Amino acid sequence: MPLVSGAEVVLAAAKAGRGVGAFNVIQLEHAIALIAGAEQAGAPVILQISENAVKYHGALKPIGVATLAAAAAATVPVVVHLDHAMDRDLVTEAVTLGFTSVMYDASKLEYADNVAATTEVTAFCHDHGVFVEAEIGEVGGKDGVHAPGARTRPDEAVAFAEATGVDALAVAVGSSHAMTERTATLDFDLITRLHEAVAVPLVLHGSSGVADPDLTRAVEAGMTKVNIATHLNNVFTDKVRQILADNPKLVDTRKYLGPARDAVATEVARLLTVLKAV
């Protein structure tokens, strides 16, 4: 199945009231695992490469091309997405490589500057048929829109979406990035009000910190794209630790990365069911 556009997957899910799992790629093992999990579930999936992952690899092209190749060989719809890009040149490179979705993050800028920068990036991406996600941010918030305690006002979300022309909007409703325990408390009433007010699909970042029942409830309240990274990193790393502890003389990386990859695939398939992606 060929690589598909972000619009094709996210807009269809929003219309049907389904969730879409968006999971982060750090190494090629992640890309293979995420696709395998989506194929097990029979659901579309979004593979996300963050600006931080690009910095880890030293460049976008190696991990980007590998992920695009894995996506092109999948039997389910796959979107390859640039996540939390603050570098405009990185957005241009991703679009040139063939990414079908971009999250441009200007949330640390003042509101007017965020609108102006996001509008320019959105126009560029739309000229190339690429789906665009953005977030409003919070002035002074270290983590932008997903700083602990941050909340998105529906009127501001509507104004931002209309002013920028973005295709999806990340909103603050109680989750936070990089949580290792699933203890976040979501504001479901706010999710409902945002869903009723904002014309584009809503995105939940920091979803690793959200328990299964609340992920399902968030989708039912109006969330569409749900980003999960740290939780799957925990699954991957726990399996590696277990195997190395049981086999202290093991040196063949395939013997522990392979099972870790398989463990992530199994968890992805389960999460896609939780998110009502099928």
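Start by selecting Glu-135 and Ser-107: their side chains are joined by a polar contact of 2.9 Å. Keep in mind as you go that this is a predicted model.

**Stop 1: Glu-135 and its partner position**

Stay on Glu-135 and color by secondary structure. Glu-135 belongs to strand E5, which covers residues 131-135. Switch on a surface and look for this residue: Glu-135 has a relative accessible area of 1%, so it counts as buried.

Now add Asp-105 to the selection. The UniProt record, an unreviewed entry, gives the feature "binding site" at Asp-105 and Glu-135. These positions are spread over 31 residues of sequence, yet they cluster in space, with a largest C-alpha distance of 6.4 Å.

**Stop 2: Asp-105**

Center on Asp-105. Where does Asp-105 lie? You will find Asp-105 in a loop, with strand E4 (101-104) on one side and helix H6 (111-127) on the other. Is Asp-105 buried or exposed? Its relative accessible area is 10%, and because buried means under 20%, Asp-105 is buried.

Next, show what surrounds this residue. Setting aside residues up to four places away in sequence, Asp-105 touches His-84, Ala-85, Met-86 and Glu-135. Glu-135 from the previous stop is thus among the contacts of Asp-105. Draw a distance between the side chains of Asp-105 and His-84 as well: they make a polar contact at 2.8 Å.

**Stop 3: His-84**

Follow that contact to His-84, which sits in strand E3. His-84 is buried, with a relative accessible area of 17%. If you have a backbone torsion display, turn it on here: His-84 is not a glycine, but its phi is positive, at about 50°.

**Stop 4: Asp-83**

Select Asp-83, for which UniProt lists "active site" in an unreviewed entry. Asp-83 is placed in strand E3, residues 78-85. With a relative accessible area of 5%, Asp-83 is buried.

Which residues does Asp-83 touch, not counting residues up to four places away in sequence? Show Asn-24, Gln-48, Ile-49, Ser-50, Glu-51, Met-103, His-205 and Asn-227 as sticks to see them. Asn-227, one of these contacts, is the place to go next.

**Stop 5: Asn-227**

Asn-227 is in strand E8, which spans residues 223-228. It is another residue to look for beneath the surface: the relative accessible area of Asn-227 is 7%, so Asn-227 is buried.

Begin with the side chains of Asn-227 and Lys-225, which are joined by a polar contact of 2.8 Å. Then widen the selection. Leaving aside neighbours within four places in sequence, Asn-227 is in contact with Ala-22, Gln-48, Asp-83, Val-203, Leu-204, His-205, Gly-206, Ser-207 and Ser-208. Gln-48 and His-205 appear in this list and also in the list for Asp-83.

**Stop 6: helices H2 and H11**

Zoom out and switch to a cartoon view for the helices. Two packed helices are described by the angle between their axes and by the distance between those axes. Select residues 28-41, helix H2, and residues 254-274, helix H11: they pack at an angle of about 40°, and their axes are 7 Å apart. That angle makes H2 oblique to H11. The crossing of these helices is right-handed.

To see the interface, show side chains on both helices. On the H2 side, the meeting residues include Glu-29, Ile-32, Ala-36 and Gly-37. On the H11 side, Leu-257, Arg-261, Val-264 and Ala-265 are among them.

Now pick Ala-36 in helix H2. Ala-36 is partly exposed, at 24% relative accessibility. Draw a C-alpha to C-alpha distance from Ala-36 to Arg-261: these residues are 225 apart in sequence and 9.3 Å apart in space.

**Stop 7: after H11**

Move on to Lys-276, in the segment after H11. Lys-276 has a positive phi, near 60°, and is a residue other than glycine. Its relative accessible area of 32% makes Lys-276 partly exposed.

**Stop 8: helices H7 and H8**

Finish with helix H7 (residues 154-164) and helix H8 (residues 188-197), which pack at an angle of about 35° with axes 9 Å apart. The contact is formed by Pro-154, Ala-157 and Val-158 of H7, together with Leu-190, Arg-193, Leu-194 and Ala-197 of H8. H7 passes H8 in a right-handed crossing.

Conventions:
Residues numbered from 1 in each chain as written. Predicted model: local features only at pLDDT ≥ 70, side-chain atom pairs only at ≥ 80, totals over all residues. Heavy atoms only, no water. UniProt positions renumbered as here; feature names shortened; annotations may be inferred. Helix = DSSP H or I, 4+ residues; strand = E, 2+ residues; numbered from the N terminus. Buried < 20%, exposed > 50% of the residue type's maximum accessible area, 1.4 Å probe, protein only. Contact = heavy atoms within 4.5 Å. Polar contact = N/O pair within 3.5 Å; in protein donor to acceptor, adjacent residues only side chain to side chain. Axes fitted to C-alpha atoms, helices over the stretch in contact; angles between N-to-C directions. Parallel < 35°, antiparallel > 145°, perpendicular 65-115°, else oblique. Left-handed = near helix turned anticlockwise from the far one by under 90°.
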